[in-house]
Amino acid sequence: MNENEKEKEISEEAVSSENTEENKETEVKFEENDNWQFEAEAPTLDDSIILGDGFALEAKPDDQPAVKKKKEKSQDIVINKRNLKIVLLSIVSAVLAAAIIAFGIDFFALPNNKEKMNPGNVALTVGDMKVSVGMYNLYYNLVVNNYKQYAEQGNYNIDFTKDFSEQTTVDENDKEITWEEVFKTDTIKQLQYVAAYYEPAVEEGVTVTDVQKENIKSSVENLKTSASEEGVSLKKYLEENYGKYCGIETIEKFYEQRNICENYYNKMQLKLSVSEDEALKYYEENKDDYLTFAYIENQFSLDASGDDAVNLESVKKQVEAYCDQIKTIDDLKEIIPEACSGLIKMAVEQGYFSDEKTAIATLKNSVTVTYKADTVAGNFGEDILKWFRSPDRKEGDTTYFINEDYGYACIFLYTSEAKPDETELYSVRHILISPTDDPSKASEATDAEWSAALLKAEQVYDEYSKSDKTEFAFAELAEKYSADTNTLSAGNAGLYGGEIKKTKLGEMVPEFEGWATDKSRKYGDVEIVKSKFGYHIMYFIYDGPTYVFNLMDDALNKKGSDMISSVEYKEHLAFRKTTVAEPSTVASVSDESTENAE
């Protein structure tokens with residue numbers, strides 16, 4: 001209530017009444033121009049309640065209806081509500097005072113490191129998910145540290161010794177934005193991602209697995225050990241490394257939410273899957289975001305010994321010499337055996353190719369790529385993207401990029417000859433039912449074992465036929481029955497549900513590949529195919545050129561991004577306690593006081 005209102009009320013007349021005729025209605029009237037109303041709420045996260053140095057309640061006007069009642073005597077009564085207001089405000093004050101006594105001022109005004117979601121600790125709501133100050137700080141510090149690592153590798157032009165609010169870059173819409181804004185925006189995007197997957201996952205009953213629970217427990221124990229080795233308390237160790245108000249409960253919740261999101265992610269990806277037509281439509285709508293160019297890459301080591309020893313200057317001179325030799329794609333292909341010798345040697349040694357001849361042929365067929373602009377900037381730095389987009393670019397221009405931290409150099413060719421990669425790929429899912437426990441020994445199985453395997457394959461096929469016949473239903477059966485663990489979540493390849501994705505010709509057994517590349521195939525076709533490893537229950541996804549697969553991935557990522565960015569978020573008063581990066585540091589918060597953190 002402001003001073004003018006108070007003065008007005010003090011100057012109002014007291015209760016007045018006047019006798020009139022008997023047997024008429026008694027009419028109750030409020031004083032004119034006095035639209036008072038009372039609207040009390042329990043303390044919530046609503047920003048209309050401000051707690052800290054004091055508190056304020058903002059009332060919202062609401063029309064009050066006239067009240068009529070009958071009496072034996074007619075009488076007009078004018079009521080002064082000043083006393084009523086005082087009584088009601090006293091009740092509100094008493095309620096708030098009781099709440100503060102019960103919970104303490106810290107409950108309302110201060111963050112804590114135990115993930116207690118009191119108003120003073122909720123920095124954001126993202127979707128329906130409450131985010132504590134400590135959790136925000138944890139994500140923020142991870143984001144800033146990630147950018148710092150990329151900047152040290154030369155991928156971003158950020159000076160970590162200078163004020164981030166005075167350093168700018170451009171966002172995906174080519175709009176200038178400060179790095180301070182980038183850090184905050186990316187942190188919120190991370191939290192939107194979690195909310196987008198975590199909330200529906202919880203609704204569908206997705207939980208962490210027993211293995212994940214053990215991993216979380218192990219991670220927590222490792223943190224305790226690290227704190228002990230540094231001779232500091234766990235609380236201090238966590239805050240120094242992950243941000244203010246980040247406690248062990250924050251770490252546990254972080255891991256739990258991320259694991260649940262990952263467990264649900266595959267199902268969501270299948271729900272969002274993109275067809276060829278959708279991918280091509282997406283490309284037409286986003287043509288300007290794509291670059292098609294030719295490039296080659298080589299590996300080197302700055303700390304090698306003997307004949308392999310090189311220094312950065314010699315690498316630059318060699319790369320510049322190659323650039324002078326290249327004017328066309330044929331020129332680029334011609335120098336691959338020499339210019340990519342390090343990559344070829346490493347690929348053969350690690351088993352990616354059977355011999356150098358095969359590796360060279362594959363590299364020559366792969367010089368042309370189609371990448372989104374942000375992928376170019378992310379992989380090779382913003383300067384390379386600017387080089388491609390420069391109006392001064394001419395046919396046959398070359399440039400290079402060197403990453404000395406990871407030991408590789410790339411040569412880029414700007415030419416109209418570069419076309420989208422037409423190399424044929426295919427994607428399927430399969431459930432392998434092997435006649436032996438080890439599929440590699442299936443050739444040693446007896447006829448009876450092969451017959452048993454076929455019977456089992458037919459039973460699994462029937463189980464699929466009785467389901468809703470979706471790709472996800474098939475993937476779940478693969479997780480349950482398939483002997484090919486490399487294509488399951490239990491394997492180490494990061495695959496799920498029997499997925500064989502974007503596979504080049506010649507990599508799988510003939511029976512498998514022949515079925516997958518049959519041009520009569522349609523999405524969702526299912527059939528049992530026999531190979532030397534057992535019976536494959538096949539699920540067809542797509543067969544086509546590489547660039548379409550890449551477009552499908554981009555369109556799928558766009559769908560996912562749109563879903564994530566659609567998750568609404570709201571900042572609360574406690575957001576003032578969150579981290580803001582400062583020069584020469586990764587973890588720095590705006591409020592240095594920790595004495596009230598639990």
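A residue counts as partly exposed when its relative accessible area falls between the buried limit of under 20% and the exposed limit of over 50%. Lysine 287 has 41% relative accessibility, so it belongs in that partly exposed class. The structure it sits in is a predicted model, and the values below are computed from that model.

First, the overall picture. The chain runs to 598 residues, and buried ones make up 40% of them. It contains 20 helices and 19 strands. Among contacts with a separation of 6 or more, 69% are between residues 24 or more positions apart. The accessible surface adds up to about 33900 Å², with carbon and sulfur atoms supplying 47% of it.

Next come the charged pairs. Side chains of opposite charge can pair when their charged atoms come close. A search of the whole structure turns up 19 salt bridges. One of these salt bridges is made by lysine 271 and glutamate 204, whose side chains meet at 3.5 Å, N to O. That pair links distant parts of the chain, 67 residues apart: lysine 271 belongs to helix 8 (residues 248–271), while glutamate 204 is in the loop between helix 5 (179–203) and helix 6 (210–229). Glutamate 204 is itself partly exposed, at a relative accessible area of 40%.

Lysine 287, the residue introduced at the start, has a salt bridge too: its partner is glutamate 284, and the closest N and O atoms are 3.3 Å apart. Another pair consists of glutamate 424 and lysine 519, with a salt bridge of 2.9 Å, N to O. Glutamate 424 is in strand 15 and lysine 519 is in the loop between helix 19 (510–516) and strand 17 (526–531), so this salt bridge ties together parts 95 residues apart in sequence. The two partners do not fall in one accessibility class: glutamate 424 is partly exposed, with a relative accessible area of 25%, whereas lysine 519 counts as exposed at 63%. Shared partners also come into play, with salt bridges joining Glu204, Lys267 and Lys271 into one network.

Not every charged residue is paired up. Aspartate 484 is buried but has no salt bridge, and the nearest side chain of opposite charge, arginine 429, is 11 Å away. Aspartate 484 is placed in the loop between helix 18 (471–481) and strand 16 (499–504). With neighbours within four places in sequence set aside, aspartate 484 touches His430, Leu432 and Ile500. Threonine 487 is found in the loop between helix 18 and strand 16 as well. Its relative accessible area is 3%, which means threonine 487 is buried. Beyond its neighbours within four places in sequence, threonine 487 is in contact with His430, Leu495, Tyr496, Gly497, Gly498, Glu499 and Ile500. His430 and Ile500 therefore turn up in the contacts of aspartate 484 and in those of threonine 487, with contact meaning heavy atoms within 4.5 Å.

On the surface, charge gathers in another way. Asp163, Glu166, Glu180, Glu181 and Glu582 come together in a patch of negative charge. One of its members, glutamate 582, is located in the segment after strand 19 (569–571). Glutamate 582 counts as partly exposed, at 36% relative accessibility.

Proline 420 offers a look at another loop, the one between strand 14 (408–414) and strand 15 (424–433). It is partly exposed, with a relative accessible area of 31%. Proline 420 is 126 residues from threonine 546 in sequence, yet their C-alpha atoms are 8.1 Å apart in space. Leaving out neighbours within four places in sequence, proline 420 makes contact with Thr292, Thr370 and Tyr547.

Finally, two lysines have backbone angles worth a glance. Lysine 469 has a positive phi, near 60°, and is not a glycine; this residue is in the loop between helix 17 (447–465) and helix 18. Lysine 502 likewise has a positive phi, about 50°, without being a glycine. Lysine 502 is placed in strand 16 and counts as partly exposed at 28% relative accessibility.

Technical notes. Residues are numbered from 1 along each chain as its sequence is written. This is a predicted model: local features need pLDDT of at least 70, side-chain atom pairs count only at pLDDT 80 or more; totals for chains, interfaces and linings use all residues. Side-chain values use heavy atoms; hydrogens and water are left out. Patches are made of residues with over 30% relative accessible area and no salt bridge: like charges are joined within 9 Å, nonpolar side chains (Val, Leu, Ile, Met, Phe, Trp, Tyr) within 5 Å. Accessible areas come from the Shrake-Rupley method with a 1.4 Å probe; for residues, only the protein chains shown count as cover. A salt bridge is a side-chain nitrogen of Lys or Arg within 4 Å of a carboxyl oxygen of Asp or Glu. Lys and Arg count as positive and Asp and Glu as negative; His and the chain ends are not counted. The place of a charge is taken as NZ of Lys, CZ of Arg, CG of Asp or CD of Glu. Helices (H or I, at least four residues) and strands (E, at least two) are DSSP runs, numbered from the N terminus. Buried means under 20% relative accessible area, exposed over 50%, partly exposed in between (1.4 Å probe, protein chains only).
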